[in-house]
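Got your viewer open? Let's take a walk through this one, stop by stop.

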Amino acid sequence: AREFGPRALAELRDAMAKTGELNRRELNRRVQGIRRFFRWCVARELVPASTAHALAALESLRAGETRGLREPKVVRPVAWNVVEETCRYLSTPLRTAVLTMWWTGARAAELLQMRPCDVDRSVSPWRFEPMQHKTQRFGKVRAVFLGPGAQAVVGPLLLRASPTDYVFRPGDTIEERRKTRRARR
């Protein structure tokens, strides 16, 4: 490990690229993981600090520098007709959550922690700041804006719930399913 340097890391990267199993982004992630491992080793005084510093000098592959690697697939939003078709089979609470995600671009983990007291309805569009989110550990602030479409869908739930209750509650889906079953009997 003490003798492992940028040239060895570049050779390892090229060997991983030749397998044909990885795209450029995943290859860069794995190389970054190796760099992180060496920083961990430096912190525990297992290798000299110069090793991690030297490995940091090897740049990640950028788009166009693929060396025969395939580029990662671009993830596009789900088509509206697919969302509409799916919503036909969902319970009302789940449909509301899916439509809110569609209109806001929020992640499920963010929306499921929404409470009426967390939504600032004095501004337009409404603003919701999740208590916990994906980039919180980097000191980032996450704001989800609820425009007219999202307001129409989630607004009734904000009025129904007490200010500190969660807007999207699993019990609502279970209760709706029970009512539907009772009605079918």
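Before anything else, a word on terms: a contact here means heavy atoms within 4.5 Å. With that in hand, take the protein chain's contacts between residues at least 6 apart in sequence: 54% of them join residues at least 24 apart. Keep in mind throughout that this is a predicted model.

**Whole chain**

Start zoomed out, with the cartoon on. You should find eight helices and three strands. Trace them along the sequence and the order reads α-α-α-α-α-α-β-β-β-α-α. Now orient along the principal axes: the C-alpha atoms fill a box of roughly 70 × 35 × 35 Å. The radius of gyration is 24 Å, whereas a compact globule of 185 residues would have one near 16 Å.

Switch on the surface next. The accessible surface comes to about 12,700 Å², and carbon and sulfur atoms account for 54% of that. Of the 185 residues, 32% are buried. Colour by charge and you get 36 positive and 19 negative charges, with mean positions 3 Å apart.

**Stop one: E45**

Select E45, in the loop between α2 (24–43) and α3 (49–55). What is its phi? About 55°, a positive value on a residue that is not a glycine. For context, most residues other than glycine have a negative phi. Is E45 buried or exposed? Exposed, because its relative accessible area is 72% and the cut-off for that label is over 50%.

**Stop two: A79 and W102**

Follow the chain to A79, which sits in the loop between α3 and α4 (80–87). A79 has a relative accessible area of 38%, so it counts as partly exposed. Add W102 to the selection and draw a C-alpha to C-alpha distance: the two are 23 residues apart in sequence and 10.0 Å apart in space.

**Stop three: the cysteines**

Now pick out C41, C87 and C117. C41 is at 5% relative accessibility and is therefore buried. C87 is also at 5%, and so buried as well. C117, in the loop between α6 (108–111) and β1, is partly exposed because its relative accessibility is 40%.

How many disulfides are there? Zero, going by the rule that a pair of cysteine sulfur atoms must lie within 2.5 Å.

Stay on C117 and show its neighbours. Leaving aside residues up to four places away in sequence, C117 touches P163 and T164. Then draw a line from C117 to Y89: they are 28 residues apart in sequence, and their C-alpha atoms are 30 Å apart.

**Stop four: L159 and P116**

Jump to helix α7 (residues 148–160) and select L159. With a relative accessible area of 69%, L159 is exposed. Add P116, 43 residues away along the chain, and the C-alpha atoms turn out to be separated by 7.7 Å.

**Last stop: S124 and P125**

Finish at P125, in the loop between β1 (119–120) and β2 (126–128). Zoom in on the peptide bond that joins S124 and P125: this one is cis, with omega about -5°. As a rule, most peptide bonds are trans.

How values were computed:
Residues numbered from 1 in each chain as written. Predicted model: local features only at pLDDT ≥ 70, side-chain atom pairs only at ≥ 80, totals over all residues. Heavy atoms only, no water. Buried < 20%, exposed > 50% of the residue type's maximum accessible area, 1.4 Å probe, protein only. Helix = DSSP H or I, 4+ residues; strand = E, 2+ residues; numbered from the N terminus. Rg over C-alpha atoms; globule rule 2.2 N^0.38 Å. Areas by Shrake-Rupley, 256 points an atom, 1.4 Å probe, with all protein chains shown as cover. Lys, Arg positive; Asp, Glu negative; His and termini not counted. Charge placed at Lys NZ, Arg CZ, Asp CG, Glu CD.
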